[in-house]
Amino acid sequence: MIEINNKKDCCGCCGCINICYHNAISMEYDSEGFLYPIIDLDSCKDCRLCEKVCPQLNTDSFNSFNKAYVAINKNLYERCVSSSGGIFLPLARYTLENDGVVFGVKFNNEFKAVHSFGENLSEVKEFVGSKYIQSNVGNETFREVKKFLKDKREVLFTGTPCQIKALKLFLRKEYNNLITVDLLCHGVPSYLVFDAYRGYLENKYGGKIQSFKFRDKHGGWKRYDLSFKINEKLFYENSVDDLFIKNFREDLFLRYS
C-alpha cells in the first residue's frame, strides 16, 4: 500500500484513490492545505495496485517524440480569454465534433479547482484558463475516462504532468482515442493560502467574489494579472504588487513535490 514517509514523495495526483475499488483510500487536506492519501487499514486488501499507478514510484519514462510544433489559436478572442496561446479550445472543439468528451479543470462553488468533463462547448468553456492551485481529480475521474474510452468515445484529457502520468498508469495501455494535454508546471500552491487570499480580496473590496480569473490580459500578455467580479463589478490586481502571484512566483507556498 501507499506509504507517505516524506511529503515530497506525493504529488497529489489521486491515481491511488481511483485504482482502489475497495475504497480504502481517501484524499484529505493536511494542515498546510495540500491533499494527501489516507489509508483505511481495515479496508485495505494490500493488493498494491495503488503503488502501480503512483507517478512518484514509477519513474520510467513513456515513449518520447522527436518532433515538436508551436501553435497559437488564430481566433483573437479565444486567445485573450485563455492563459497562453489558446490551443485548448480548438482541441476541445475537434473532440466534441467527433462525439467526444473533454476533461478539464474548473472552479466549484467554493473556488476549489476540480476535474470534471464536458460533452458540449458550453460545459467545456468552464475549463478555459489556468488555475494556479492544484485540482482535485477525485476518485471517479480516471474511471470515467476509461469507461468513455471503452465505449469508443474520443477523449481529451488535460492536467498537470503528474496527473497525465497517473492516468496512463491507471489505464495500463495506450488508447488511440485518447488525447492528453499536459503543461509546464511551475508547482501548485496551497489551497489554504489561496482561500485566505480570496478572503483578503473580499475584505478589501467589500463583497463576495463571484468569479475569478488568473492570467488576465488586461495589463498585457506577459504579466500574470488577476481579475475577479464582486457585486457584478470587475476588479483587477496587478501581478507586480499582488501578494498571491508575487509569492507564487517565488515558490513560497508550493507543494513539496
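**Exercise 1. Find which residues Y175 touches, leaving out those up to four places away in sequence.**

Step 1. Fix the criterion: a contact means heavy atoms within 4.5 Å.
Step 2. Apply the sequence filter. Y175 then touches K146, L149 and K150.
Step 3. Note the ground rules. This is a predicted model, in which local features need pLDDT of at least 70 and side-chain atom pairs count only at pLDDT 80 or more, while totals for chains, interfaces and linings use all residues. Residues are numbered from 1 along each chain as its sequence is written, and side-chain values use heavy atoms, with hydrogens and water left out.

**Exercise 2. Place Y175 in the fold and decide whether Y175 is buried or exposed.**

Step 1. Locate Y175. It sits in the loop between α7 (161–171) and β6 (178–181). Helices (H or I, at least four residues) and strands (E, at least two) are DSSP runs, numbered from the N terminus.
Step 2. Set the classes. Buried means under 20% relative accessible area, exposed means over 50%, and partly exposed lies in between (1.4 Å probe, protein chains only).
Step 3. Classify. Y175 counts as buried because its relative accessibility is 13%.
Step 4. Add a distance. E154 is 21 residues from Y175 in sequence, and their C-alpha atoms are 9.6 Å apart.

**Exercise 3. Describe how β5, α7 and β6 are joined.**

Step 1. Pair the strands. Two strands pair if DSSP finds at least two bridges between them. β5 (residues 155–158) and β6 pair in the parallel sense, over four bridges.
Step 2. Pick one bridge. V155 has L178 in β6 as its partner.
Step 3. Assign the hand. β5, α7 and β6 make a right-handed β-α-β unit. Right-handed means that, with the strands pointing away from the viewer, the path from the first strand over the helix to the second runs clockwise.

**Exercise 4. Explain why α7 is described as largely enclosed, and compare the surroundings of α6.**

Step 1. Count. Eight of the eleven residues of α7 are buried, so the rest of the structure largely encloses this helix.
Step 2. Name them. The buried residues are Q163, I164, K165, A166, L167, L169, F170 and L171.
Step 3. List the partners. These residues pack against α1 (15–19), α2 (49–52), β4 (113–118), α6 (141–150), β5 and β6.
Step 4. Turn to α6. Its buried residues are T141, F142, R143, V145, F148 and L149. They pack against α1, β3 (101–107), β4, β5, α7 and β6.
Step 5. Check the ends. Just after α7, R172 takes a positive phi of about 70°. Just after α6, K152 takes a positive phi of about 70°.

**Exercise 5. Work out which element gives the largest share of the lining of the largest pocket.**

Step 1. Define the object. On a 1 Å grid over the protein atoms alone, a pocket is an open set of points where a 1.4 Å probe fits, with protein on both sides within 12 Å along at least five of seven lines; lining residues have an atom within 4 Å of a point.
Step 2. Give the volume. The largest pocket has about 1,800 Å³. Volume here is the space filled by probe spheres set on the points, which are joined across faces, edges and corners.
Step 3. Read the lining. It holds 49 residues, with G159, V181, D182, L183 and L184 nearest the centre. Elements giving two or more residues are α4 (88–97), α7, β6 and α9 (243–249).
Step 4. Conclude. α7 gives the largest share, five residues.

**Exercise 6. State how many disulfides the structure holds, and test C13 and C20.**

Step 1. Use the cut-off: a disulfide is a pair of cysteine sulfur atoms within 2.5 Å.
Step 2. Count. The structure holds zero disulfides.
Step 3. Test C13. Its closest cysteine sulfur, in C11, is 4.1 Å away, too far for a bond.
Step 4. Test C20. The nearest cysteine sulfur, that of C47, is 6.2 Å away, and C20 is in no disulfide.
Step 5. Check burial. C13 is buried at 8% relative accessible area. C20 is buried at 11%.

**Exercise 7. Trace the pairing around β8 (residues 226–230).**

Step 1. Pair β8 with β7 (residues 209–213). They run antiparallel over four bridges, and F212 has F228 as its bridge partner.
Step 2. Pair β8 with β9 (residues 233–237). Five bridges join these antiparallel strands, with L226 opposite E237.
Step 3. Inspect the turn. β8 and β9 form a hairpin with two residues between them, and N231 there has a positive phi of about 50°.
Step 4. Judge burial. Four of the five residues of β8 are buried.
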